[in-house]
Amino acid sequence: MQNILVPIGFTENAQNTLQYAIDFAAETNAKIFVFRAYSAPTKMGTIINVNNIIERETNLYLRTMVNSVDKKNVEIKLISAKGSVVDSVVSIDDELGIDLVIIGAKSNSIKEEIFLGKTAGSLVKQTDVPLLTVPENYQYIPIKNILLAFKSGILKSKTALHPLQNIVEKFNAQVNLLLVKTPNYKQEDLVIHKELEKLQATLTVTENATTFQGVLEHIKTHNPDMLCVFRRKRGFFQKLWEKNTILKEEFYTNVPLLILKGK
């Protein structure tokens, strides 16, 4: 894991998320790219150098945010980009190769029921970069115990597990597999892929209406430092990924959530 992207918004939790990302990067020997997208008014009559002004203010905000945290000798670079967050993240990934996006779970929304806001939700829905979402006010601790929840042991992508494998290696973490048999499971779903078996410390098989219900039933038993799931076109979170916000009543975790892509 070399490059970690940290989108920063105007939220009270932004500083905490950045500090978590720096602490994480210090353990994994990764670089941090602190990022913010900005937009400029397009109406006639606006001052001619408005883009330069907004870009300058954005960079000042990023520098102020970086100066407010403990950098821990981690290499940190700033990126400001005009346009949408999603388009900018895709472009940055194409240019630099982003191994992981670390982002706060909560949005700017004042609605307390929101778990993933529009920024995090849209990145989950519209990009293929793996995400690590950090709960509000969560304090960094080394990752030693990971719960990986899934409803099918089939693994087609060769790269989907790379972020998890890297975390396991860097932190010497234990991975507990949670295979959730949902009502329409097939027998081939119960066969665990060899790459998953290599990560496996324990395996729990449970029957629930949804994978999320399986997580709710077993998360306290395992008491993980991190929860890990796959984002697939079908399967866990299928309906959640159809929108750009996720409510706490639909899904919530009080530990960092690693969302793997490409399964």
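**Exercise 1.** Work out which residues Asn 13 touches, leaving aside those up to four places away in sequence, and decide whether Asn 13 is buried or exposed.

*Solution.* Start with the contacts in this predicted model: Asn 13 touches Val 134, Pro 135, Glu 136 and Asn 137. Next, find its place in the chain: Asn 13 sits in the loop between strand S1 (3-7) and helix H1 (14-28). Finally, check accessibility. The cut-off for buried is under 20% relative accessible area, and Asn 13 comes in at 8%, so it counts as buried.

**Exercise 2.** Describe how H1 packs against helix H5 (residues 162-171).

*Solution.* First the geometry: the two helices, H1 and H5, pack at about 70°, and their axes are 9 Å apart. That angle makes H1 roughly perpendicular to H5. Now pick out the residues that meet: Phe 24, Glu 27 and Thr 28 from H1, with Ile 167, Lys 170 and Phe 171 from H5. Sort the residues of this contact and you get three nonpolar, one polar and two charged.

**Exercise 3.** Lay out the open sheet of 10 strands and find its edge strands.

*Solution.* Walk across the sheet: the order is S3-S2-S1-S4-S6-S12-S10-S7-S8-S9, and the pairing is mixed. At the edges are strand S3 (76-82) and strand S9 (200-207), each pairing on one side only. Zoom in on S9: seven bridges join it to strand S8 (residues 174-181), and the two run parallel. Here Val 175 stands opposite Gln 200 in S9.

Last, add a helix. Helix H3 (residues 85-96) lies across S1, S2 and S3, running at about 145° to S2.

Key. Residues are numbered from 1 along each chain as its sequence is written. This is a predicted model: local features need pLDDT of at least 70, side-chain atom pairs count only at pLDDT 80 or more; totals for chains, interfaces and linings use all residues. Side-chain values use heavy atoms; hydrogens and water are left out. Helices (H or I, at least four residues) and strands (E, at least two) are DSSP runs, numbered from the N terminus. Buried means under 20% relative accessible area, exposed over 50%, partly exposed in between (1.4 Å probe, protein chains only). Contact means heavy atoms within 4.5 Å. Axes are lines fitted to C-alpha atoms, for helices over the stretch in contact, and angles run from 0 to 180 degrees between N-to-C directions. Angles under 35 degrees count as roughly parallel, over 145 as roughly antiparallel, 65 to 115 as roughly perpendicular and the rest as oblique. Ala, Val, Leu, Ile, Met, Phe, Trp, Tyr, Cys and Pro count as nonpolar, Asp, Glu, Lys and Arg as charged, and the others, Gly among them, as polar. Two strands pair if DSSP finds at least two bridges between them.
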